[in-house]
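Please look through the sequence and the three-dimensional structure shown below, and then read the report that follows with both at hand.

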Amino acid sequence: MVLAKDTDQLWWRSAIGYQIYPRSFQDSNHDGIGDLKGITSRFPYLKWLGVDFIWLNPIYTSPNIDNGYDIADFQNVASEYGTLDDLKTLINSAHQQNIRVIMDLVVNHTSNQHFWFQEAQTSRDNPYHDFYIWQPNHNDQAPNNWTNFTGDSVWTYNQATDEWYFHLFAPEQPDLNWENQSVQTEIIKIITWWSEQNIDGFRLDALSHLKKMPFDTLQSTDDYQFEIFANNPGIEVFLSLLHQTFQSLHLMTIGEAGGVHADTAKFWTGSQGFIDMIFELEHQVRQTQVPPRANRNHLLTRLTAWENTLNTDGWLGLYLENHDQPRSITVYGNDNPLAAKSLATLLLSLRGTPFIYQGEELGMTNMLFTTPDQIDDPPTYHDYQRFLAAGISTDVALKQATSWSRDNARTPMQWTNFGFSDNELNSKNTWMVTNPNTTFLNYQKNRQDPKSVLNYYHKLIHLRRKDEVLKSGRFQSYDIGHPDILIFTRYLLPDKRLILINLASTPQSISIPHSILSENWHTIISTIEPTPEISPTMQLQPFQSIIWYN
Ligand code: TEU
Ligand code: CA
């Protein structure tokens, strides 16, 4: 079945997304790796939860240097996940249940195992050579001293051509040369082919990095050192080419736009922009490394800034977690389930399209890593070894390296006492260690407990689904001068919703502004029941968040 693509082109504006990390979602054949059949088997759950579409992290053929973000074949499925037929079944079955399917499009770079690079590296005359970015070798020195996102040089030497090639990520992920029209043509073919497989859109990986600065540009050494890789002049040429393609195929797009700030967001999304929605990367900053804690005030103020910027034009992809971040309940809430409910209230009441990351709705936490062989993410292992080399003890090095590690988000989904496997034996054989707290923090237990994080998500999701104001109303915030509390309304006049988000871990006493009190509000939902009436001064319990309707 194909969902009508052109009747409801703005379907994503009122939708709720769910991000699936295929390796860790559901294993259907007991090899310890999540797979496509596993995902398909969980659609009834997603239906119950109330999500409208899924975003799948990369499932293409890949040597897995970066868990699929190093693609060796754009038009095939990695064998550990199943076959192309399994994917067709997944897409069909999703559509039958009215769930749309978004794939990850990784076109800033490929794997070095991709046919294009295999060819490109052989000689300067090879037809694929200019698919990548090369500089000649002089005196065995890298062409410049730029540092990439993994902390190494952006350049790696290639013997066969006596040249250096450019990579923003690992050396096994050479960057594509977007200046080359043949690259553009090939990428458009790939997008078109996927559209023919009936997918509904793409999450565009590392989109802000497609355009490179001239190589004699100076890279700063401060916190802004990566600005040189983001949103560079000329990127609009590539973005508009992509835009035309997506438009003509009716594909929804959400661009991961690291280094793009709220003030330039309109250039990206909105009536003058190139993509439907934007994933900004500004809202999360670290407060302490160990234990992993993020700055709550920063979260609330940055999200407010983004909401204000995109209030009348443009659209935000809302998220608190993904496969690159530690668990939100841990970094904002010290693993307190009430914090997870408060964060859920934030995620599901802002203007934009909310994305729930698998397990977030259960209140899954960071993992306490106890041995170095539990680390999977290469950059995390790299950090661990760096700490050891600096003379730090094994225990402390492990703690420091893993506290913010992406691995925290990648442990298997906690469906049962055994994680994503159905028995004890299989649960010991997973590609990545399962968080031991799955014995008490899992889907089965959550579902049965009316006060669980999961049931709170379920309630909120269904509240939003049937409320046009929460889906499309505009945003207005009120400053009450409290660092951990955000008060805002969503409005579609004459209807208004008032939302109080409290991320404080201790009781608080606050005053509600008069302009708010002059309206009539009735209580709808609270993270802590019973839902309190609104009053000029309110005593809030830790992580008590509330929604009122007018
Ligand atoms: O992440 C990309 C990413 O985080 C950077 O592009 C980001 O803009 C930068 O670090 C901001 O300072 C994506 C995927 O989400 C990640 O899992 C991959 O490892 C990466 O791309 C490479 O494909
Ligand atoms: Ca499997």
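Which residues coordinate the calcium ion (ligand 2)? The calcium ion (ligand 2) is coordinated at 2.2 to 2.3 Å by Asp27 (OD), Asn29 (OD1), Asp31 (OD), Ile33 (O) and Asp35 (OD), where donors are N, O and S atoms within 2.8 Å of the metal (3.2 Å for Na, K and Ca), and where sites may look incomplete because water is not among the atoms. Along the chain, the donors of this calcium ion follow the spacing D-x1-N-x1-D-x1-I-x1-D.

This is a predicted model, in which local features need pLDDT of at least 70 and side-chain atom pairs count only at pLDDT 80 or more, while totals for chains, interfaces and linings use all residues. Residues are numbered from 1 along each chain as its sequence is written, chains are lettered from A and ligands numbered from 1 in the order in which they are written, and side-chain values use heavy atoms, with hydrogens and water left out.

Two of the calcium donors can also be described by their accessibility, for which buried means under 20% relative accessible area, exposed over 50%, and partly exposed in between (1.4 Å probe, protein chains only). Asn29 has a relative accessible area of 46% and is therefore partly exposed, whereas Asp35 counts as buried because its relative accessibility is 3%.

Salt bridges come next. Side chains of opposite charge can pair when their charged atoms come close, and a salt bridge is defined here as a side-chain nitrogen of Lys or Arg within 4 Å of a carboxyl oxygen of Asp or Glu. The structure holds 20 salt bridges, among them the three in this table.

| Salt bridge | N to O distance | Separation in sequence |
|---|---|---|
| Asp52 and Arg465 | 3.0 Å | 413 residues |
| Arg302 and Glu282 | 3.2 Å | 20 residues |
| Glu519 and Lys496 | 2.7 Å | 23 residues |

Asp52 and Arg465 meet in a salt bridge. Because Asp52 lies in the loop between α2 (43-49) and β2 while Arg465 lies in helix α16, this pair ties together parts of the chain that are 413 residues apart in sequence. Asp52 is buried, at 16%, and Arg465 is partly exposed, at 31%.

Helices (H or I, at least four residues) and strands (E, at least two) are DSSP runs, numbered from the N terminus. The expected span of a helix is 1.5 Å times one less than its number of residues, so the 13 residues of helix α16 (residues 453-465) should span 18 Å, which agrees with the 18 Å between its end C-alpha atoms. Buried residues in α16 include Val453, Tyr456 and Leu460.

Aromatic rings make up the last topic. Rings of Phe, Tyr and Trp (its six-membered ring) pair if their centres lie within 6.5 Å, and planes under 30 degrees apart count as stacked, over 60 as edge-to-face and the rest as tilted. A search of the whole structure finds 40 aromatic pairs. One of them is the edge-to-face pair of Trp11 and Phe53, with 5.5 Å from centre to centre and 80 degrees between the planes; it links Trp11, in the segment before β1 (17-20), to Phe53, in strand β2 (residues 53-56), 42 residues apart. Both Trp11, at 9% relative accessibility, and Phe53, at 0%, count as buried. The rings of Phe226 and Phe229 are stacked, because their centres are 6.2 Å apart and their planes are at 25 degrees.
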